[in-house]
Structures are given as C-alpha cells and as structure tokens.
Amino acid sequence: MQALTLSYVPESDDIAEMAARSPMRRRSRKRALVNSGVSLALTVMLGARGTIPGDLPDTSVITLFCAAMFVGYSYRVIILSSRWGLRRSARRVWNRSPGLQRHYEEVITEEALTVRTEGVTHTYAWSIFSELVEYDRQFVLMDRSGKPSVAVPKRGLSDPSLVPVCRRVLSNCVAAAVNQRNAATMETPADGQQSPSTD
C-alpha cells in the first residue's frame with residue numbers, strides 16, 4: 001500500500017463537529033434541561049404561595065433564587081444545543097490551546113499512523129484504536145475506551161478524490177487490528193489447559 005500523507009492546521013470547526021456528537025455534551029444538555037425544569041417548577045410553586053393571603057412565611061428570596069437558577073440553566077441549555085454555542089465553546093478551546101494552532105503532517109501506512117508537528121513525531125500502532133468514526137470534515141480514530149484519540153481532517157489530503165481511499169485504508173487498518181486483538185484474546189495457550197482431576 002502506498003502511504004497517504006496529509007498536511008493541515010486544525011480549525012475550531014473541527015472541535016465543534018466532534019463535540020456536537022459527544023456523549024458528554026448530550027449528558028450535560030440533558031442535565032441542564034432537567035435542572036431548568038425543576039427550577040421553573042419551584043419558582044412557580046413558591047411564587048404562587050406568595051399570592052395566598054395568610055400567615056405564610058415569606059418565600060420571595062427563595063423564589064428569586066430559583067428564578068435565577070432557571071435563567072442560568074436555560075442559558076446553558078441554549079449554549080449546549082445551538083450551533084452558535086457549540087462554535088463559541090470550540091473557539092474558546094482552540095484559542096486556549098497553542099498546540100491546536102500548529103501545522104500538522106500525518107502519514108498513514110499499513111504499519112502505523114505517524115503524526116508530526118514542529119519537530120515532534122508520534123507514531124501510533126493501529127492496535128491502540130478501537131473504531132473509526134467519520135464526520136463531514138474529518139475521520140476520528142477512537143481509543144479502546146471509546147474516546148477520540150486522533151483526528152484525520154479530510155482537507156489535509158492533497159486531492160478530494162483521495163477521501164474514499166483514505167476512508168478505505170483507515171477502515172481496513174483499524175478492522176485488521178481489532179480482529180487480530182480479538183483473535184489473540186480468544187486463543188488459550190495449550191500449557192494453560194488443565195485436564196480434569198481424577199481425585
């Protein structure tokens with residue numbers, strides 16, 4: 001197989017695209033939505049108590065606190081749900097990470113994936129990856145825990161016609177490594193097998 005070479009500078013939209021499908025982001029959005037619902041219900045209930053005449057304790061401070069919580073959680077839901085919020089968060093991460101603003105070169109071969117930037121080279125054996133996920137802008141190699149490990153931006157290829165070739169090569173390399181790993185775990189050494197006891 002001929003080596004595939006990519007050359008690119010990471011962009012904040014790469015981070016936004018990956019974060020959009022992140023399970024952690026979905027959990028955070030769900031939690032914020034539940035909290036905003038609870039705080040709204042408390043605000044309505046406590047506010048309604050304040051309109052009932054009688055010797056009930058004053059709950060105006062607690063009501064205001066619950067209302068403030070509702071506004072805060074609602075804003076968080078918007079940030080976590082909207083494309084604007086997603087890109088804003090991604091841009092903030094990109095600005096805080098000088099390493100993401102460097103020029104990268106990746107070389108894909110059957111043996112390994114090599115990533116170079118500013119004189120630093122990292123070589124990744126295919127065996128450390130568990131899955132290939134494709135997005136509109138990039139391929140993402142997931143580690144064995146299911147977290148994003150290495151991004152392979154499609155724009156880094158010298159020709160857009162190489163995208164299907166890159167997809168096939170990455171899929172084949174990851175699949176071969178996973179199959180080899182699975183076969184190795186299924187094998188049991190002959191000397192490790194014990195015959196039934198006759199006692």
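What follows is a walk through the fold, the packing and the salt bridges of a predicted model.

The usual housekeeping comes up front. Because the model is predicted, local features need pLDDT of at least 70 and side-chain atom pairs count only at pLDDT 80 or more, while totals for chains, interfaces and linings use all residues. Residues are numbered from 1 along each chain as its sequence is written, and side-chain values use heavy atoms, with hydrogens and water left out.

The chain holds five helices and seven strands, taken as DSSP runs numbered from the N terminus (helices: H or I, at least four residues; strands: E, at least two). Read along the sequence, the pattern is β-α-α-α-α-β-β-β-β-β-β-α. Of the 199 residues, 30% count as buried; buried here is under 20% relative accessible area, exposed is over 50%, and partly exposed is in between (1.4 Å probe, protein chains only). Contacts (heavy atoms within 4.5 Å) reach well along the sequence: among those with a separation of 6 or more, 57% join residues 24 or more positions apart. The accessible surface comes to about 12900 Å², and carbon and sulfur atoms own 57% of that; areas are Shrake-Rupley values with a 1.4 Å probe, and for residues only the protein chains shown count as cover.

Strand β1 (residues 4-8) is a neat place to start. In a regular strand the side chains alternate between the two faces of the sheet. In β1, L4, L6 and Y8 point to one face and are buried, whereas T5 and S7 point to the other and are not. β1 pairs with β2 (residues 104-108) in the antiparallel sense over five bridges, pairing being called when DSSP finds at least two bridges between strands. S7 has E105 of β2 as its bridge partner.

Helix α5 (residues 163-186) has 24 residues and should span 34 Å at 1.5 Å a residue, which agrees with the 34 Å between its end C-alpha atoms; the expected span is 1.5 Å times one less than the number of residues. Its buried residues, including V163, C166 and V169, pack against β1, β2, β5 (129-134), β6 (138-143) and β7 (148-153). Helix α4 (residues 83-96) buries G85, L86, S89, A90 and W94.

A search of the whole structure turns up eight salt bridges, each a side-chain nitrogen of Lys or Arg within 4 Å of a carboxyl oxygen of Asp or Glu. E11 and R155 form one of them, with the closest N and O atoms 3.5 Å apart. E11 sits in the loop between β1 and α1 (12-20) and R155 in the loop between β7 and α5, so the pair ties together parts 144 residues apart in sequence. Over on the strands, R116 bridges to E105 with the closest N and O atoms 2.9 Å apart. R116 lies in β3 and E105 in β2, so this pair ties together parts eleven residues apart in sequence. Salt bridges that share partners also join E11, D14, R137 and R155 into one network.

E118, in the loop between β3 (112-117) and β4 (120-125), has a positive phi of about 50 degrees despite not being a glycine. E118 is exposed, at 59% relative accessible area, and forms a salt bridge with R102, the closest N and O atoms being 3.4 Å apart.
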